[in-house]
Amino acid sequence: GTPRESHPDPVMASVVRILPGQYIHVLDQDTNIVQLYTGPRNQTIKDSERQQGSIMEMLVIPPMHYCAVENPVLKGTDGQPVLDRHGQYKVRHGEREIRTAETHPDPFPLYPNEKLHEPPTPLRVIPADHAIRVRARRDFEGRVAGDEWLVAGLTTYVPRAEEEGVQQMIKA
């Protein structure tokens, strides 16, 4: 007889094994909604769904570090992501969120549309008799976009989403 070609089992080919500390985004092509699935789990990808990108590792912020996330998902009073009437995650488009080890002690995924703007970065310790110059990116708490001010030591500087342009250390 003729040799049979070996084809992967279509059911097995559509199962994604997500390990602890990993996540995937899956697009439902019928509804155009992207879902987030976190491990550990075996996730079956239906014919009408497509995995977006590869399996990703959750973000871990070490102590005394921060990261910046663009387009952060909107969270409710319970801390859970808010969904719109279609089941999509609501995102604060154009916003930036600073996350620290204190605000996010556990590993976390990026939700659909969230982007890592700045990877985990050490917080700056400002010594006594020193300061750093900070500029407002937009209006907030009585400051106007473009305002500049000094943050004096001795302190650990945690950046804010509304700030930019942290300059070199200035000795007082």
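1. Asn 71 counts as buried, because its relative accessibility is 16% and the cut-off for buried is under 20%. This is a predicted model, so the point concerns computed coordinates. Asn 71 sits in the loop that runs between β6 (65-70) and β7 (96-100).

2. What does the side chain of Asn 71 reach at 2.9 Å? The backbone nitrogen of Gly 94. There is a further backbone partner: a polar atom of the Asn 71 side chain lies 3.4 Å from the backbone oxygen of Asn 113. Taken together, this buried loop residue has side-chain contacts to the backbone of Gly 94 and of Asn 113.

3. Gln 43 is another case to check. Its place is strand β4 (residues 41-44). Is Gln 43 buried or exposed? Buried, because its relative accessibility is 9%, against a cut-off of under 20%. The side chain of Gln 43 makes a polar contact with the side chain of Arg 41, at 3.0 Å.

4. Next, the open sheet. Three strands make it up, in the order β3-β2-β5, and the pairing is antiparallel. Which strands are at the edges? β3 (33-38) and β5 (49-57), each of which pairs on one side only. From one strand to the next, the twist averages 20°.

5. Within that sheet, look at the β2 and β5 pair. Strand β2 covers residues 22-28 and is joined to β5 by 6 bridges, with the two running antiparallel. One position to locate is Gln 22, which stands opposite Glu 57 in β5.

6. Strands β10 and β11 also run antiparallel. How many bridges join β10 (residues 130-136) to β11? The count is 5. Arg 135 has Glu 148 of β11 as its bridge partner.

7. Strand β11 (residues 148-152) has two faces worth separating. Trp 149 and Val 151 form the covered face. Glu 148, Leu 150 and Ala 152 form the uncovered one. Glu 148, the bridge partner of Arg 135, is therefore on the uncovered face under this assignment of covered and uncovered residues.

8. Last, the second largest pocket. Its volume is about 190 Å³. The lining has 13 residues, and those closest to the pocket centre are Lys 75, His 104, Phe 108, Pro 109 and Tyr 111. How does the lining of the second largest pocket divide by class? It has 6 nonpolar, 4 polar and 3 charged residues.

Technical notes
Residues are numbered from 1 along each chain as its sequence is written. This is a predicted model: local features need pLDDT of at least 70, side-chain atom pairs count only at pLDDT 80 or more; totals for chains, interfaces and linings use all residues. Side-chain values use heavy atoms; hydrogens and water are left out. On a 1 Å grid over the protein atoms alone, a cavity is a set of points where a 1.4 Å probe fits but cannot get out, and a pocket is an open set with protein on both sides within 12 Å along at least five of seven lines; lining residues have an atom within 4 Å of a point. Grid points are joined across faces, edges and corners, and a volume is the space filled by probe spheres set on the points. Ala, Val, Leu, Ile, Met, Phe, Trp, Tyr, Cys and Pro count as nonpolar, Asp, Glu, Lys and Arg as charged, and the others, Gly among them, as polar. Two strands pair if DSSP finds at least two bridges between them. Helices (H or I, at least four residues) and strands (E, at least two) are DSSP runs, numbered from the N terminus. Axes are lines fitted to C-alpha atoms, for helices over the stretch in contact, and angles run from 0 to 180 degrees between N-to-C directions. Buried means under 20% relative accessible area, exposed over 50%, partly exposed in between (1.4 Å probe, protein chains only). A polar contact is a pair of N or O atoms within 3.5 Å; within protein, one must be able to donate a hydrogen and the other to accept it, and residues adjacent in sequence count only if both atoms are side-chain atoms.
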